[in-house]
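Please study the sequence and the structure shown here before attempting the exercises. Each task is followed by a solution in steps.

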Amino acid sequence: MDNFFVHTAQSRPDLWKSLEDPTHPLNAAWPLFLDQDIYLQHYCCPLSKIEAFACFQYAIVQIDDYDQEHIIACGRSLPFYWPELAKVGGKIGLAQHPKVLHTLPDEGYDAILSRAFEQYYAREGIFQDTDRPTSFNDPPAARTEPPNALSAISITVSPEYRSRSLAEALILAMKQAAIERNCDAMVVPQRPTRKSEFPTTDMIDYILWPATTVATHSPGTTVRKPDSNLPFDPWLRKHARLGPKVIKVARRSMRVEGSVEEWQQWTGVNIPQTARQGTQMKIGT
């Protein structure tokens with residue numbers, strides 16, 4: 001990556017301080033309604049400030065012709081303890097016990113954030129006040145064993161720098177960190193980026209949609225045909241090319257609550273009008 005450099009919040013805390021600014025372009029890349037997730041609001045900022053987590057937060061910087069730095073991508077991840085994985089002997093036992101993968105929490109993103117922080121507090125003997133989000137019914141959150149898995153939390157790339165393998169670079173940086181720290185697995189709570197375009201399609205059906213490829217049958221004639229090896233969704237497809245597989249749908253991940261008026265503001269969808277048109281609609285991804 002010419003003139004692109006990867007730094008962590010541990011090595012360059014100044015970069016992550018600038019990312020705390022809500023007006024930073026990378027903070028405007030997600031759909032507005034996702035910013036209302038209370039677990040994201042409570043836990044994401046401390047990720048770069050806690051020493052045990054800072055080394056897992058990444059920023060990609062571009063240096064321009066005037067030697068000025070510009071943060072053009074960032075990735076958040078954090079380690080956690082997965083007791084069911086440890087019980088079968090870690091990554092060696094996964095081949096014989098693939099069902100262990102399904103013991104990941106159904107609350108997905110929110111639960112992984114909550115579990116990792118609660119485990120860290122338990123290991124360090126830190127008492128937390130009651131202003132944090134309500135904990136899930138997640139017994140592993142009280143465990144004090146060292147982390148044995150790493151979870152990606154988010155990857156964001158400035159629109160003008162997409163399709164330049166920056167997301168892949170962040171994923172590989174996280175994977176390397178997991179290897180170096182002897183983690184037995186790396187998991188990724190994913191938000192399929194185009195799912196919101198198909199709000200009435202069930203998530204399981206959506207993730208099974210195949211990509212299409214262009215094939216030339218005769219000079220000047222092209223057709224598109226399904227490619228069952230890759231998913232339709234571009235974010236799922238990017239991960240699939242790196243080797244991982246989809247484990248399950250976490251239907252209670254990133255739960256966002258709000259009034260009809262708030263949801264209309266967050267999504268730009270006229271919900272009453274849509275209902276009158278007789279369309280059964282589920283807002284969210």
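The exercises below concern a predicted model.

**Exercise 1. The pairing of strand 4**

Task: Determine which strands pair with strand 4, and in which direction each pair runs.

Solution.
Step 1. Locate strand 4, which comprises residues 149–157. Nine of its nine residues are buried.
Step 2. Consider strand 3 (residues 69–80): eight bridges join strand 3 to strand 4, and the two run antiparallel. Within this pairing, Leu-78 has Ser-151 of strand 4 as its bridge partner.
Step 3. Consider strand 5 (residues 185–187), which is joined to strand 4 by three bridges and runs parallel to it. Here Leu-150 is bridged to Met-186 of strand 5.
Step 4. Follow the chain from strand 4 to strand 5: the path passes through helix 7 (residues 166–180), and this β-α-β crossover is right-handed.

**Exercise 2. The length of helix 7**

Task: Check whether the span of helix 7 agrees with the value expected at 1.5 Å a residue.

Solution.
Step 1. Helix 7 has 15 residues, so the expected span is 1.5 Å times one less than that number. This gives 21 Å.
Step 2. The end C-alpha atoms of helix 7 are 21 Å apart, which agrees.
Step 3. Look just beyond the helix, where Asn-182 takes a positive phi of about 60°.

**Exercise 3. The covered side of helix 7**

Task: Identify buried residues of helix 7 and the elements that cover them.

Solution.
Step 1. The buried residues include Leu-166, Leu-170, Ala-173 and Ala-177.
Step 2. Recall a general rule: an α-helix has 3.6 residues a turn, so residues three or four places apart point the same way.
Step 3. The cover over the buried residues of helix 7 includes strand 1 (4–8), strand 2 (57–63) and helix 9 (234–241), together with strand 3, strand 4 and strand 5.

**Exercise 4. Helix 6 and the largest nonpolar core**

Task: State which helix gives the most to the largest nonpolar core, then examine Glu-118.

Solution.
Step 1. The largest nonpolar core has 32 residues, and Tyr-109, Leu-113 and Phe-117 are among those with the most contacts inside it.
Step 2. Helix 6 gives the most to this core, with seven residues.
Step 3. Tyr-109 is in contact with residues that include Trp-30, Ile-153 and Met-254.
Step 4. Glu-118 is also found in helix 6 (residues 108–124). Its relative accessible area is 12%, under the 20% cut-off, and therefore Glu-118 is buried. Beyond its neighbours up to four places away in sequence, Glu-118 touches Tyr-43, Arg-132, Ser-135 and Ala-141.

Conventions
Residues numbered from 1 in each chain as written. Predicted model: local features only at pLDDT ≥ 70, side-chain atom pairs only at ≥ 80, totals over all residues. Heavy atoms only, no water. Buried < 20%, exposed > 50% of the residue type's maximum accessible area, 1.4 Å probe, protein only. Helix = DSSP H or I, 4+ residues; strand = E, 2+ residues; numbered from the N terminus. Pairing = 2+ DSSP bridges. Right-handed = clockwise from strand over helix to strand, strands pointing away. Contact = heavy atoms within 4.5 Å. Core = buried A, V, L, I, M, F, W, Y, C linked by side-chain atoms within 4.5 Å.
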